There are 2 protein chains.
Amino acid sequence: MDVLAGMDFGGTSVKIGLVLKNGTLLSHGLIAIDPCADFESIMTAVARSLDSFLNAMPPGGKLVGIGIGTPGFTDEESGVLLEGCRNIPSLQGNSVRRYIADRFGVPTVTDNDATCAASGELLFGAGRKYSNFVLLTIGTGIGGGLVLDGKVFRGARGYAAEIGHMCIDPNGPWCICGSRGCLEQFASGTAIQAAYNQKAAKRGLEAAPSAESVADRARQGDVLAVITMREAATRIAQAFGTILNLLDLQACIVGGGVSRAGDILLGPIRAELPDYCWPLVSRSVDICAAGLSNNAGVVGAAAHMMSRLST
Amino acid sequence: MDVLAGMDFGGTSVKIGLVLKNGTLLSHGLIAIDPCADFESIMTAVARSLDSFLNAMPPGGKLVGIGIGTPGFTDEESGVLLEGCRNIPSLQGNSVRRYIADRFGVPTVTDNDATCAASGELLFGAGRKYSNFVLLTIGTGIGGGLVLDGKVFRGARGYAAEIGHMCIDPNGPWCICGSRGCLEQFASGTAIQAAYNQKAAKRGLEAAPSAESVADRARQGDVLAVITMREAATRIAQAFGTILNLLDLQACIVGGGVSRAGDILLGPIRAELPDYCWPLVSRSVDICAAGLSNNAGVVGAAAHMMSRLST
């Protein structure tokens, strides 16, 4: 029984799991990490955790590959994390892939977490129906993945699909990426929570502790939360319109915690899309929620390794 | 000696030429058309013109395929022009490809003119050096073509690369495509000429008869023309930044009549690009002029057919 390991590096924890080739999650868990610890300490803890999952694997299970999602940009040749990983500084300049491949002796791939998530959606999620789609993952920031002609598209050097940093408003505020008025500044979890809490404060209402809770409040009929989600939806519709005019896709898939707002977020995106797109292009495009929710990072990373093994 | 025919449908004329497989233009010319004439009249004239080119072909020449570029969106299956061809209304709803293929009995392809131009740049122009690039053609409007992983990318239904209709400013004026503040409204030949002439009128200066003449005046040191080109460059830099963040390309190529402004246009695009793009993504991207200029449409259409024949 071939088994793949998936790992998903977040700002304060690493999720780890074992996945079968049909996408079934065999076991999973997470370990907390100190994001300011040195590379060796973090990786030792991660490797030990994977050891314990492997020791508990059912008889006949055989580890055939490891997929790892991290924030930022990875050099494909060396696996070294080049940039865009400020939350876990010691990863930058190091190769998670080399460390794990040396330690476990199986094919290992590292890639951007949202690119891994797109692999997961393509193999096991909402993307199974499509050969051309974009995945937008709304978390603390905004990640993106592109599938073109049935394959995850990585660009000339593997840096593609930085959808969170599309310039949505050239007069908007500057962003850490170097651009102005990026999508992330209007529609990330951070932005949604801040927008809601600003509105709430002015009205003497209780602040929301997270973007997910804004989504939940919207579903429960909180008008301010519905307005906040709609404002984010307008910006997402603009980004999707531009992407569709550029790439003529079949679907735009929305994932990440905020996507649990469901049609309260997706409805206005669908309604506003024609304002940002050729009619012929927007017609018959599906705007839908991601199919993988919990453990999407782990399954996506394993799926990303699977697609490497099968080519 | 294998010969391909290329045709390029413009608003008031059709350019026709014969092209060898190495890109050499054997013969070429144009016929004026009445854009309001019926389909049959236009196509009869175009076919007769191609007849005369074929009759004058050197001994041993053999027509092996015909490539045709038109404005708008073509249905790949039927070759029927679906939308986006308001300049020659009678083309819409008809199949130029079927007419020409039936008349000449050789493999024939029709596609968007800018998509054809991208094929031309890839095979014979500035795109030869790259496997991932975008081509922006600045004419009356703005056309676009994408080459990804060494092939012209057409999207799920062949409508990709509508770069002229990327939303650059969500508060900009509405465009015929359904979006607001499209790139075309800021940086097309029409927009550049109008912007220059507005500035000139206020100062009692002579109007420019075309966008190309604004480009020529800029090269001759006309400060107003330089400013106008720079304003267009800012918008193009924004569009390129968004495209690069999305697709991680090696080059952005600028074609069309206005591109003869050369570094007066390309210089500010290069200078402003980092304001709209991840540093890692914009680094080492080439911003350059198209390699094919005169007859780019004819050679591009023939090249588009060639790439079909070779796959």
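Two strands count as paired when DSSP finds at least two bridges between them. Keep that in mind for the sheet in chain B of this predicted model.

**The sheet in chain B**

Five strands form an open sheet with mixed pairing, in the order S10-S9-S8-S11-S12. S10 (151-152) and S12 of chain B each have a single partner strand and stand at the edges, so one side of each lacks a neighbour in the sheet. S10(B) runs antiparallel to S9 (residues 142-148) of chain B, and 2 bridges join them. Here B:Leu148 stands opposite B:Lys151 of S10(B). Helix H3 (residues 113-124) of chain B packs on the sheet, where it touches S8, S9, S10 and S11 of chain B; the direction of H3(B) makes about 125° with that of S8(B).

**Helix H8 of chain B**

Now for a helix with two faces. H8(B) spans residues 263-272, and its buried residues are B:Leu265, B:Leu266, B:Pro268, B:Ile269 and B:Glu272. These cover an arc of only 165° around the axis, which puts them on the same side of H8(B). On the face turned away from that buried side sit the exposed residues B:Asp263 and B:Ala271.

The cover over the buried residues includes these elements of chain B:

| Element (chain B) | Residues |
|---|---|
| Strand S8 | 133-138 |
| Helix H7 | 223-247 |
| Strand S11 | 251-255 |
| Strand S12 | 286-289 |

**How the chains relate**

Chain A superposes on chain B (RMSD 0.0 Å) after a rotation of 180° with 0.0 Å of shift along its axis. That is the relation of a two-fold axis. In chain A, the C-alpha nearest the axis belongs to A:Asp169, 2.9 Å from it. The copies meet through the same surface, because 100% of the interface residues of chain A are also interface residues in chain B.

Notes
Residues are numbered from 1 along each chain as its sequence is written. Chains are lettered from A and ligands numbered from 1 in the order in which they are written. This is a predicted model: local features need pLDDT of at least 70, side-chain atom pairs count only at pLDDT 80 or more; totals for chains, interfaces and linings use all residues. Side-chain values use heavy atoms; hydrogens and water are left out. Copies are superposed by least squares on the C-alpha atoms of residues with pLDDT of at least 70 in both. Contact means heavy atoms within 4.5 Å. Buried means under 20% relative accessible area, exposed over 50%, partly exposed in between (1.4 Å probe, protein chains only). Helices (H or I, at least four residues) and strands (E, at least two) are DSSP runs, numbered from the N terminus. The arc is that of the directions from the helix axis to the C-beta atoms. Axes are lines fitted to C-alpha atoms, for helices over the stretch in contact, and angles run from 0 to 180 degrees between N-to-C directions.
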